[in-house]
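Me: Please take a close look at one part of this model for me, and follow its strand pairing and its surroundings with some care. I would like one connected account rather than a list.

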Amino acid sequence: MHQYVHKTPIIVLFLLLFSLDSRAERLELEESPSLKKMIQQKFEDIKELRLHQHRWERSVRGFRREHNFSVSLGVDSGTWLGQFPNSSSSVNYLSTQYQLRGRYSFHIPVWKRVGYFLGTSFGRSIVETSGTPGFESPGVSYLPGVSGGLVWNISPGLRVSVGSDLNLVRLQDFYHEDDSILTTGRRVSQKVLLDLFMTISTAISIEYEWYDLSLAGTNEAELRRSGESLAIGWLTHLI
């Protein structure tokens, strides 16, 4: 009992000295001009960073990863060239084709804001017009194919991609003079895509491409189409 009584003043004295020492250190830090300036500068740096940082940066984290889906409407300007065995003249139609397209891509980061994507694309011609007499709009289906390329996330709200697509094509009822064919072939295209994000997960997608399409009919007819197209659509990123 006496042992605890003797120790109590020592403990109280120790706590008092500790609190006085801590208070003195705190006063010394607060009164230090260089330290106050450094702390103020840190707060200013944090404020500046927040002002310049995009509002979606914390969610996007530099790169928009994984699943992307888009639907777009495209305008295709190209020329049909070829030869039908039972026709006296060769095929030469300059036409404008309106298409409905779909696309899926999976984006994978490589370094900071740069990465690559793999996916598939498909589509269908809605209508095709030409100023050449005798042209009738064929039905063209772009079957699901393979796509890939490089992608750069300039910011959380802006993304640029370059890539290539390979699709099988089904051409139905292409007429030339008194002959017609039903045929299949392939379409290879190179493209540039620009995605402008309106919300954190949805964007307006603009796509420009140049392509080459070649087909071989069962009756030895040969067809080819090359040209350029521009499409605009709606994209969703599953963030």
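Reply: Val140 stands opposite Leu171 in strand 6, and this pair belongs to the antiparallel pairing in which 4 bridges join strand 4 to strand 6, residues 158-176. The model is a predicted one, and what follows should be read as a description of that prediction. Strand 4 also pairs with strand 3, again in an antiparallel sense, through 2 bridges, and here Tyr142 of strand 4 is the bridge partner of Gly123.

In a regular strand the side chains alternate between the two faces of the sheet. In strand 4, which covers residues 139-142, Gly139 and Ser141 lie on one side while Val140 and Tyr142 lie on the other, and as all four are buried, both faces of the strand are covered.

Strand 6 leads on to another buried position, Asp195, since Leu158 and Arg159 are among the residues that Asp195 touches when those up to four places away in sequence are left out. Asp195 is found in strand 7, residues 179-197, and because its relative accessible area is 3%, under the 20% limit, Asp195 counts as buried. Its side chain is joined to that of Ser205 by a polar contact of 2.9 Å, and its contacts also include Gly157, Ala203, Ile204 and Leu235.

A second buried polar residue is His237, in strand 9, residues 222-237, which likewise has a relative accessible area of 3%. The side chain of His237 makes a polar contact of 3.0 Å with the side chain of Arg64, and a polar atom of the His237 side chain lies 2.7 Å from the backbone oxygen of Arg65. Beyond Arg64 and Arg65, His237 touches His67, Asn68, Phe197 and Ser201, again not counting residues up to four places away in sequence.

Two backbone details complete the account. Glu66, in strand 1, residues 66-83, has a positive phi of about 70° although it is not a glycine, and because its relative accessibility is 39%, between the limits of 20% and 50%, Glu66 counts as partly exposed. Lys112, which is not a glycine either, has a positive phi of about 55°; Lys112 lies in the loop between strand 2 (91-111) and strand 3 (114-130), and because its relative accessible area is 65%, over the 50% limit, Lys112 is exposed.

How values were computed:
Residues are numbered from 1 along each chain as its sequence is written. This is a predicted model: local features need pLDDT of at least 70, side-chain atom pairs count only at pLDDT 80 or more; totals for chains, interfaces and linings use all residues. Side-chain values use heavy atoms; hydrogens and water are left out. Buried means under 20% relative accessible area, exposed over 50%, partly exposed in between (1.4 Å probe, protein chains only). A polar contact is a pair of N or O atoms within 3.5 Å; within protein, one must be able to donate a hydrogen and the other to accept it, and residues adjacent in sequence count only if both atoms are side-chain atoms. Contact means heavy atoms within 4.5 Å. Two strands pair if DSSP finds at least two bridges between them.
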